Amino acid sequence: MEYGGGDGGDHHDASSDAHKRKKRYHRHTANQIQRLEAVFKDCPHPDEKQRLQLSRELGLAPRQIKFWFQNRRTQMKAQHERADNCALRAENDKIRCENIAIREALRNVICPSCGGPPVTEDSYFDEHKLRVENAQLKEELDRVSSIAAKYIGRPISQLPPVQPIHISSLDLSMGSFGGGGPSLDLDLLPGSSSAVPSLPFQQLCLSDLDKSLMTDIAANAMEELLRLLQTNEPLWMKSAADGRDVINLDSYERIFSRPNANLKDPHLRIEASRDSGVVIMNGLALVDMFMDSNKWADLFPTIVSVAKTIEVISPGGLGSHSGSLQLMYEELQVLSPLVPTREFYFLRYCQQIEQGLWAIVDVSYDFPRDNQFANSQCRCNRLPSGCLIQDMPNGYSKVTWVEHVEIEDKTPTHRLYRDLIHSGLAFGAERWLAVLRRICERFACLMVTGTSTTRDLGGVIPSPDGKRSMMKLAQRMVNNFCASISTSISHRWTTLSGLNEVGVRVTVHKSTDPGQPNGVVLSAATTIWLPISPQNVFNFFKDERTRAQWDVLSSGNAVQEVAHIANGSHPGNCISVLRAFNTSQNNMLILQESCIDSSGALVVYCPVDLPAINIAMSGEDPSYIPLLPSGFTISPDGRPDQGDGASTSSSSAAHSGNMGRSGGSLITVAFQILVSSLPSAKLNLESVTTVNNLIGTTVQQIKAALNCPSS
């Protein structure tokens with residue numbers, strides 16, 4: 001290693017002699033180089049103090065030490081680059097060889113169907129041939145359709161599509177119901193009620209052009225979302241009715257002009273809302289759950305009935321998800337068989353704005369094909385929507401949420417839900433945020449290792465592991481219940497007449513899930529309106545002292561709470577284990593979870609035998625404990641409060657939101673019963689009559705207990 005002896009820093013007046021003077025070179029001794037190399041190995045960037053020490057130790061000027069380290073670092077960098085180049089060249093050669101081998105194999109490929117050689121026709125002629133064949137088939141279809149129309153009164157195109165499902169195990173055509181009533185036609189669907197339907201675009205082959213287009217759409221949507229999140233007036237106004245943020249459509253259309261805006265369908269309905277709040281979960285954990293479709297569905301079981309990632313367009317940064325772009329599918333629900341699910345194919349894009357601040361945007365993606373929602377009861381288009389997540393101290397996050405959709409209802413909204421849905425509350429930002437806040441509190445309680453959240457009324461839950469296992473069991477029970485009353489495309493409901501104008505809706509499925517009893521399960525549900533606030537209806541269902549007034553299956557026996565796990569700050573958010581008095585079934589307990597937030601409430605319960613409860617309470621895996629839950633969903637009716645003569649307690653007022661402002665309640669009563677433990681069993685009329693009577697009696701008892709008119 002040589003060093004230019006001149007100090008190189010003395011600038012004289014530029015004389016020609018100085019430029020021509022030959023530089024003197026100084027070669028370091030072997031000991032000096034050995035010592036410098038040893039220091040370089042441990043510290044390639046010594047500071048000034050270290051350089052001065054080496055200077056004194058080796059008898060070299062500090063500047064000589066500095067330049068030696070600079071030269072050595074340059075030399076090391078060049079060595080690394082040479083090594084990388086060699087590795088890349090080797091990899092390139094390997095890929096080239098593989099490419100040649102694949103091309104050779106393609107020349108010798110054999111068709112697996114006929115054993116013949118591959119088609120070598122020009123792709124243009126191949127496509128042309130398919131177009132001609134397609135035109136011939138369309139002509140044939142039109143001809144057959146016109147013939148069929150003469151016999152059946154309508155063209156084939158209007159007939160329901162033939163499902164490629166062959167089911168011979170259940171005979172569900174049962175003649176007329178209730179003596180002269182409508183015939184009962186129940187369709188048995190394969191798999192459990194929570195099965196994800198086969199989506200039309202799960203197998204996609206996206207070109208680079210498609211991905212580039214998706215990236216542009218997502219980037220534009222992110223830009224719009226950030227403006228929606230950070231702008232107040234004139235884009236957002238406060239609602240005179242309830243003080244919520246609602247969008248000013250004139251300002252929106254002026255700021256975000258869209259092509260063909262003047263050709264907008266007059267039947268389209270716009271729902272736009274914004275809300276913000278603090279949740280007990282750190283930002284990165286929230287982002288991780290939002291960008292995973294399974295975790296997303298678990299986070300919002302009362303809203304998201306189906307969620308699926310169809311394609312990851314860009315994986316984003318490791319550990320931050322920044323730049324992650326996914327094509328997803330979801331179905332959103334209101335927990336009643338009267339409200340159809342909303343189906344979306346959409347792009348979800350995550351961007352980290354700065355340290356501790358993320359934005360996630362959703363925007364509908366239109367496939368350039370036939371309408372993918374041909375069987376939907378409403379057409380939904382998600383305009384740029386999403387949230388801003390900001391880290392706060394102590395593991396909290398501030399979340400600002402925007403929901404913005406265009407809705408075209410193909411069938412009128414049921415009158416019971418018209419106010420709630422058309423006001424934008426049913427699927428609005430306030431509901432999403434209320435559920436997120438409650439679920440994050442539940443996760444926080446799940447992570448607490450102490451037993452402060454557990455009220456053990458008899459040594460029932462001995463350990464933190466037992467508490468976590470019970471909470472997981474209860475969460476699965478709630479998820480199963482929500483799935484059982486979903487109007488997802490994996491469910492088909494049939495209406496029985498008799499109870500009221502709504503009627504009882506029933507559906508049946510074959511259960512093979514290890515977490516459910518095996519056999520044929522009949523689900524039945526109805527929705528009623530009561531002129532009582534949701535908070536007071538929830539208190540009625542939650543109170544074990546009044547349970548005998550509505551629980552038909554308890555035969556009037558009182559129940560006692562033997563274990564209690566708190567799930568959040570509201571006293572109503574908890575898991576209970578209940579034991580019935582004066583009953584012959586001493587080994588049967590009731591697992592119940594109740595939850596309430598400003599958007600609505602749930603009370604879900606399920607009989608579980610004592611050995612199964614003991615498995616969960618000992619901390620073992622509860623995944624295989626069979627559950628068949630029933631329960632109630634309670635939501636505000638969307639009408640302003642007229643007063644029901646019963647006050648809401650001050651402790652729950654902070655959580656009430658729309659619940660407190662609502663004049664009445666919409667209550668869905670839902671039961672699941674195991675018709676037979678044999679999957680091949682036939683559904684008989686007796687089972688349907690039993691569940692119909694069960695719901696009818698329960699509704700009458702609820703109305704009687706709450707002093708509501710029976711009709």
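The protein chain holds 17 helices and 25 strands. The model is predicted. Of its 711 residues, 45% count as buried. Among contacts with a separation of 6 or more, 68% join residues 24 or more positions apart.

**Nonpolar cores**
- The largest nonpolar core has 46 residues.
- Leu286, Phe290, Phe300, Val399, Trp401, Tyr417 and Leu436 have the most contacts inside this core.
- Helix α11 (residues 429–447) supplies the largest share of the core, seven residues.
- Apart from this core lies another, of 35 residues. Its members include Leu530, Phe671, Val691 and Val699.
- In soluble globular proteins, nonpolar side chains tend to be buried together.

**Leucine 286**
- Leucine 286 is one of the residues with the most contacts inside the largest core.
- Residues up to four places away in sequence are not counted in its contact list.
- Leucine 286 touches Val279, Met281, Ile389, Ser397, Val399, Leu436 and Cys440.
- Two of these partners, Val399 and Leu436, are themselves among the residues with the most contacts in the core.

**Helix α12 against helix α14**
- Two packed helices are described by the angle between their axes and the distance between the axes.
- Helix α12 (residues 464–484) packs with helix α14 (residues 610–617) at an angle of about 125 degrees. Their axes are 7 Å apart.
- The pair counts as oblique, because the angle of about 125 degrees falls between the roughly perpendicular range of 65 to 115 and the roughly antiparallel range over 145.
- From α12, the contact uses Gly466, Ser469, Met470 and Leu473. From α14, Ile613, Ala616 and Met617 take part.
- By class, the contact has five nonpolar residues, two polar and no charged.

**Cysteines**
- A search of the whole structure finds zero disulfides.
- Cysteine 606 is buried, because its relative accessibility of 1% is under 20%.
- Cysteine 708 has a relative accessible area of 12%, so this residue is buried too, under the same 20% cut-off.

**Glycine 323**
- Glycine 323 sits in the loop between β9 (304–314) and β10 (325–332).
- Its relative accessible area is 24%. That lies between the 20% and 50% limits, so glycine 323 counts as partly exposed.
- Outside the residues up to four places away in sequence, glycine 323 touches Ser314, Gly316, Tyr349, Cys350 and Gln351.
- Glycine 323 and tyrosine 349 are 26 residues apart in sequence. In space, C-alpha to C-alpha, they are 6.9 Å apart.

Note on methods:
Residues numbered from 1 in each chain as written. Predicted model: local features only at pLDDT ≥ 70, side-chain atom pairs only at ≥ 80, totals over all residues. Heavy atoms only, no water. Disulfide = S-S within 2.5 Å. Buried < 20%, exposed > 50% of the residue type's maximum accessible area, 1.4 Å probe, protein only. Core = buried A, V, L, I, M, F, W, Y, C linked by side-chain atoms within 4.5 Å. Helix = DSSP H or I, 4+ residues; strand = E, 2+ residues; numbered from the N terminus. Contact = heavy atoms within 4.5 Å. Axes fitted to C-alpha atoms, helices over the stretch in contact; angles between N-to-C directions. Nonpolar A, V, L, I, M, F, W, Y, C, P; charged D, E, K, R; others polar.
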